[in-house]
Amino acid sequence: MKNFNYINAPDLPSALEALAKPDAYLVAGGTNALVDIRAGKINDRTLVNIQGLTEFDRITLQENGRIQIGALTAISKLAASDLLAEKAPALYQAACNFADPLTRNSATIGGNLANASPAADTAPPLLALDAELLLASRFGERRLPLQEFFLGVGKTALVPGEMVLAVEFMPNSFSSFLKLGLRQAMAISIVTAAAALSLDKEGIVREFHLAFGSVGPTPLRAYNGEKAVTGTEFADPEVIKQLQEAVQLDINPIDDLRAGAGYRREMAGVLAKRAILSAGREVGQ
Amino acid sequence: MSGTFEINLRINGQEAVLPTTAEKSLLRFLREHNYWDVKCGCEEGDCGSCAVLLDGRAVKSCITLAAACNGREIWTNRGLGRTDELTKKLQAAFVESGAIQCGFCTCGMIIAAKHYLEQGGKADRSQIKEAISGNLCRCTGYVKIVDAVYGVALEMGTGGI
């Protein structure tokens, strides 16, 4: 027997108050919540509708140069953003490949992150962009680097009563995202990869961030892969080979109905190569 | 709110005050109130047969919370077919192109196609395929559905050859 209550939270204080109750369950776009309700994965909860918090439904270029995206921003808005297309192509490409156009109209970036699926498509680009989350509870706000947010499948660093308000990052035009799925739409990814790059005038990689989805219990940063490339000449075939070997230390894929672990390992290497080359091509190499 | 409670919304241009429960999907809510053109296919967001316009945006009603639609406006394919010129054109084009076999996916397809064209979608076959990529059809193989949308896009003069 399904047993739910419903609260509409028209503003942030009422949302945080509702969320302070132990049975609260946030609903934004509803694309995860309704599936979990029907599957019986959640019950005896108070559904807290936060769609009225319209101040968190926007993409802003801040005075300090950082881009802030409110948690309630629909994926379709990211996929229609010229700002992101130019300044954060990794996130833009992930939004354009997210589920399908109708689902993108409902699904929100905050929901995609807080649901903490290892296959969350917006997570690898935001990890590669070194994003930071703005979190809030009744006791105040705090910031948390995104790489400290994902703790396991469906598990996050959110404490009870806390919600994601926004995600923030420094733009990087030299970033890219690649997704391998079984079909082009409505596909849960087999492997995703995102890269963000900065090169100096001599073509040496000054900074390199690489992140993967669907090759471990959480979306993850590939620190070994990053180390193999930082300080080397961009697109050196030997370095790319070392990168492909190094990322094997970063990932921990499993066999599931979409793909075997071995195939995921192989493809993580392939996507790492394509992601770095695609991110760097923008530099005019 | 717990148990059954009422929500106010506009459906197909009519004001409505109708009962729902906290966890009910917009799909079940609409079908319980006799909007049978909103089809229940997979009921987990994959097939698109339950698509409706919510405040002008195409969404899958099975993964939309009915209670959260309080104060909002919903249009289904049937309501749009009575009042909206673009929908009338799409419906006629689907019939003429033979884009309907069993018809189960059609209402959702029309919603997805209308949304695409209203957003400035062009007469471009690959873009049309992308636009209906969240809508499954098990009969037609999609060719005639794409034909129908392509024809309307051309007629609208929104681009193409």
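Mentor: Let's start with a rule we'll lean on: a residue counts as buried when its relative accessible area is under 20%, and as exposed when over 50%, with partly exposed in between. Keep in mind that this is a predicted model.

Trainee: Okay. Why is Phe149(A) called buried?

Mentor: Its relative accessibility is 0%, and the cut-off is under 20%, so Phe149(A) counts as buried.

Trainee: What kind of pair does Phe149(A) form with Phe150(A), stacked or edge-to-face?

Mentor: Check the distance, then the angle. The ring centres are 5.4 Å apart and the planes make 70°. Rings pair when their centres lie within 6.5 Å, and planes over 60 degrees apart count as edge-to-face, so that's the name this pair gets. Phe150(A) is buried too, with a relative accessible area of 8%.

Trainee: How many aromatic pairs come out over all chains?

Mentor: The count is 2. The other pair is Tyr6(A) with Phe5(B), with centres 5.9 Å apart and planes at 15°.

Trainee: What makes that pair stacked?

Mentor: Planes under 30 degrees apart count as stacked, and 15° fits, so the pair of Tyr6(A) and Phe5(B) is stacked.

Trainee: And how do you know that the pair joins two chains?

Mentor: Look at where each ring sits. Tyr6(A) belongs to strand S1 (residues 4-8) of chain A, while Phe5(B) belongs to strand S1 (residues 4-11) of chain B, so the pair links the two chains. Tyr6(A) is buried at 4% relative accessibility, and Phe5(B) is buried at 7%.

Trainee: Back to Phe149(A). Which nonpolar core has Phe149(A) among the residues with the most contacts inside it?

Mentor: The largest one, which has 38 residues. Ile69(A), Ile109(A) and Phe169(A) are also among the residues with the most contacts inside that core. Elements that each supply at least two of its residues include strand S5 (67-70), helix H7 (109-114) and strand S10 (163-169) of chain A. At least three residues come from each of domain 2 (54-169) and domain 3 (175-284) of chain A.

Trainee: What does Ile69(A) touch, leaving aside neighbours within four places in sequence?

Mentor: Among its contacts are Leu78(A), Leu91(A), Ile109(A) and Phe169(A). Apart from this core lies another, of 33 residues, including Val27(A), Ala33(A), Ile63(B) and Leu65(B).

Trainee: How do domain 2 and domain 3 of chain A meet?

Mentor: 25 residues of domain 2 of chain A are in contact with 24 residues of domain 3 of chain A. The centres of these two domains are 20 Å apart, taken over C-alpha atoms.

Trainee: Which domains does the assignment give for chain B?

Mentor: Domain 1 (4-76) and domain 2 (79-157). Their contact takes 18 residues from domain 1 of chain B and 12 residues from domain 2 of chain B.

Trainee: Let's try a loop. Why is Lys24(B) called buried?

Mentor: Its value of 16% falls below the 20% cut-off, so Lys24(B) counts as buried. Lys24(B) sits in the loop between strand S2 (14-21) and helix H1 (26-32) of chain B.

Trainee: What makes the link between Lys24(B) and Glu32(B) a polar contact?

Mentor: The side chains come to 3.1 Å, and the limit for the N or O atoms is 3.5 Å. Leu34(A) and Thr64(B) are also among the residues in contact with Lys24(B).

Trainee: Why is Ala235(A) called partly exposed?

Mentor: At 35%, Ala235(A) lies between the 20% and 50% cut-offs, so partly exposed is the right label. Ala235(A) also has a positive phi of about 70° although it is not a glycine. Most residues other than glycine have a negative phi. You'll find Ala235(A) in the loop between helix H9 (223-229) and helix H10 (237-250) of chain A.

Trainee: Which label fits Tyr142(B), buried or partly exposed?

Mentor: Its 23% is past the 20% cut-off but short of 50%, so Tyr142(B) is partly exposed. Phi of Tyr142(B) is positive as well, near 75°.

Trainee: Last one: how do you know that the charged end of Arg125(B) sits over the ring of Tyr150(B)?

Mentor: The charged end lies 4.6 Å from the ring centre, and the distance limit is 6 Å, with a further limit of 35 degrees from the ring normal. Arg125(B) is listed as sitting over that ring.

How values were computed:
Residues numbered from 1 in each chain as written. Chains lettered and ligands numbered in written order. Predicted model: local features only at pLDDT ≥ 70, side-chain atom pairs only at ≥ 80, totals over all residues. Heavy atoms only, no water. Helix = DSSP H or I, 4+ residues; strand = E, 2+ residues; numbered from the N terminus. Buried < 20%, exposed > 50% of the residue type's maximum accessible area, 1.4 Å probe, protein only. Polar contact = N/O pair within 3.5 Å; in protein donor to acceptor, adjacent residues only side chain to side chain. Contact = heavy atoms within 4.5 Å. Core = buried A, V, L, I, M, F, W, Y, C linked by side-chain atoms within 4.5 Å. Domains from an automatic or database assignment. Phe/Tyr/Trp six-rings, centres within 6.5 Å; stacked < 30°, edge-to-face > 60°.
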